[in-house]
Amino acid sequence: MSGRDSKDGRRGRTDPVLGSLDNLDGPGPAPAPDDGLPHFRVEAPERRVYGGNPLPPGRQRKRGWLLPLLLLLVIGAGTLVYLQQDRLRGMLPATELNDTLTMADQALAAGKLDGSNGDSARELYEKVQAAEPDNDRARDGLRKVGQAEVARADAALNAGNVDEADAATNAANELLGGGNDIERLRQQISRARNPSAQQGSLVDQAQAALDAGKFDGPDGAGALYRKVLDGDPNNAVATRGLDKVGDALAAQARQAIAANDRKSASGIVERLAAVVPNYGDLPSLRASLAETRKQDDQATAGLLSQAADNVRSGKVAGDGDDNALARYKAVLAVDPDNTQAKAGLGQVAQALIVQASAAQDAGDNDQARKLLDQAATLAPKSADLAAARARLGDGHAAAAGVANDAASSDDTAPAQLSVTPEQKAQVADLVRRARAATARGDIMTPPADCAYDLYRNALAIDGNDAAARSGLQSLPGVVQKQFETAMSNGNLRHAGDLLDTMADLAPGEPGQAGLRQRLASALVDQAQQRGNAGDREGARQSLDAARRLNPDDARLPDAYARLQSGR
């Protein structure tokens, strides 16, 4: 019976009863009497213990879908990682680069500067720089490696190991991009490798050139003595020899000044400045030339003023001295570099071309041709001259590719009065090609395929074609724009070539003097940069080019002196 009846006869709740606790230590209860009936043992129901026995089979079947789902999720995640590996890689911290930089620092501290096994400081820094070009730590590390290579070269020279010093110097040059230390090391290496016998041979060659009166040029005494000094700046024999070269050239300059041969004197002084730029008497020679120039300034100014009046009144050329051409030539005879007189010659040529056009309009083709011939002696490659010749009918020479613009007065080919459709098509094609050549920068070269020749060939067919004439006459302006671009890009060699082209197309143009001064100044700056980088020969070439463009540049004497002293 699972419960007891309450006293009131109603069936109530059954409460657990422990019974008497007095006889816990006593003997157990007596076994139940055998009543002859079978006995049964009732076990308490099993309770589920978590983490114990597995679930019943029914529950296992209900949760069997979990394993395939998890497998699908793992496969999907792996596929996503594979497809996005580059993006995920970029999201990872740059621990590998930091580890490489640490290894590079350690290699530098250990003196392991360069090598081929991938574990030298230079290789490790360059590896980081290749992966991250703007990494300041790698860039600074490479600079420190270069400085360490300089120290290694000094140590090798002190130990007499010239080959090791040369290798370290080359490595330092690659890392540091030149500098005073590199130049010093190269001079020391050159002296170490060149025995005194070779230096003596150069001195003998220089002395022989001096005795023969051969002062400048690559095989002249000045260049040979300078070569000795490049290897040994303290060579007293070469220093005295270079002074003798300066003395000889200075004596020639003084003789020319005394003879009032200003042109020759100027040329000799400039040769002296190129061979011995720090010669002591060079400033006084320049001052003497300046004094001579001052004496001629008044006469020159009067000639230039009278020539300008002649141009305005139309007396540009003719017999006698009372015309612009004669007076400009008189100025250039005294001062060959006078930019105002050179520009005046261009103005004379332009005036002659205008007069030729007027003569042609009046029907006097012979007079027009004579005027153009005279203009050709002053400006043989003038764009305006070529256009005028083509209009007159003398452009057939250009169609044949003849370079000489001054056609003979016997050329009597008449200007074409009518142009066929085929010729018009040919002219249009030539103009198109000329414009393409202009865009490429092929203004005067290559022959027959440059803009200048193509426009002239078009005008040789139709001298009145407006597109060809305007294109030809616009070339000087195009070249000037290209000059400005070359200057902006630092391409000074190309800028110089363009200046020469402008001088051919528009000789004597006043604005070209300012362009030459700008280019000369830029070349002086370039020379200083090359000198600071240890490129002494390149610096000298830049200074020489600047001197040719503007001999009066105030910075040239000091720049030559710094180059000679190695400062």
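Which residues lie nearest the centre of the second largest pocket? In this predicted model, they are Leu-492, Arg-493, Leu-523, Ala-545 and Arg-548, out of a lining of 18 residues.

**The pocket and a cavity**

Let us stay with that pocket for a moment. Its volume is about 450 Å³. Three elements each give two or more residues to the lining: helix H23 (492-505), helix H24 (511-532) and helix H25 (536-549). H25 gives the most, with six residues.

There are also cavities to look for: the structure holds two of 30 Å³ or more. The second largest cavity is lined by Ala-273, Pro-277, Leu-282, Arg-286, Arg-547, Leu-556, Pro-557 and Tyr-560. Here the elements that give two or more residues are H13 and helix H26 (556-565), and H26 gives the most, with three.

The table sets the two spaces side by side.

| Space | Volume | Lining by class |
|---|---|---|
| Second largest pocket | about 450 Å³ | five nonpolar, six polar and seven charged residues |
| Second largest cavity | about 40 Å³ | six nonpolar, no polar and two charged residues |

**The nonpolar cores**

Next, the nonpolar cores. The largest has 47 residues, and Leu-472 and Phe-483 are the ones that touch the most other members. If you click on Phe-483 and set aside its neighbours within four places in sequence, you will find contacts with Ala-495, Leu-498, Leu-499, Met-502, Leu-515, Arg-518 and Leu-519. Apart from this core lies another, of 29 residues, including Leu-202, Ala-238, Ala-250 and Leu-282. Leu-282 is a name you have met already, as one of the residues lining the second largest cavity.

**Two helices to visit**

Helix H13 covers residues 282-313, and Asn-310 has its place there. Is Asn-310 buried or exposed? It counts as buried because its relative accessibility is 6%, and the cut-off for buried is under 20%. Beyond its neighbours within four places in sequence, Asn-310 is in contact with Lys-315, Val-316, Asp-322, Asn-323, Ala-324 and Arg-327.

Helix H16 (residues 365-378) is a good place to check a helix by its length. At 1.5 Å a residue, its 14 residues should span 20 Å, and the end C-alpha atoms are 20 Å apart, so the two values agree. Several residues of H16 are buried: Ala-368, Arg-369, Leu-371, Leu-372, Asp-373, Ala-375, Ala-376 and Leu-378. When you look along a helix like this, it helps to know that an α-helix has 3.6 residues a turn, so residues three or four places apart point the same way.

Technical notes: Residues are numbered from 1 along each chain as its sequence is written. This is a predicted model: local features need pLDDT of at least 70, side-chain atom pairs count only at pLDDT 80 or more; totals for chains, interfaces and linings use all residues. Side-chain values use heavy atoms; hydrogens and water are left out. Helices (H or I, at least four residues) and strands (E, at least two) are DSSP runs, numbered from the N terminus. The expected span of a helix is 1.5 Å times one less than its number of residues. Buried means under 20% relative accessible area, exposed over 50%, partly exposed in between (1.4 Å probe, protein chains only). Contact means heavy atoms within 4.5 Å. A nonpolar core is a set of buried Ala, Val, Leu, Ile, Met, Phe, Trp, Tyr and Cys residues joined through side-chain atoms within 4.5 Å. On a 1 Å grid over the protein atoms alone, a cavity is a set of points where a 1.4 Å probe fits but cannot get out, and a pocket is an open set with protein on both sides within 12 Å along at least five of seven lines; lining residues have an atom within 4 Å of a point. Grid points are joined across faces, edges and corners, and a volume is the space filled by probe spheres set on the points. Ala, Val, Leu, Ile, Met, Phe, Trp, Tyr, Cys and Pro count as nonpolar, Asp, Glu, Lys and Arg as charged, and the others, Gly among them, as polar.
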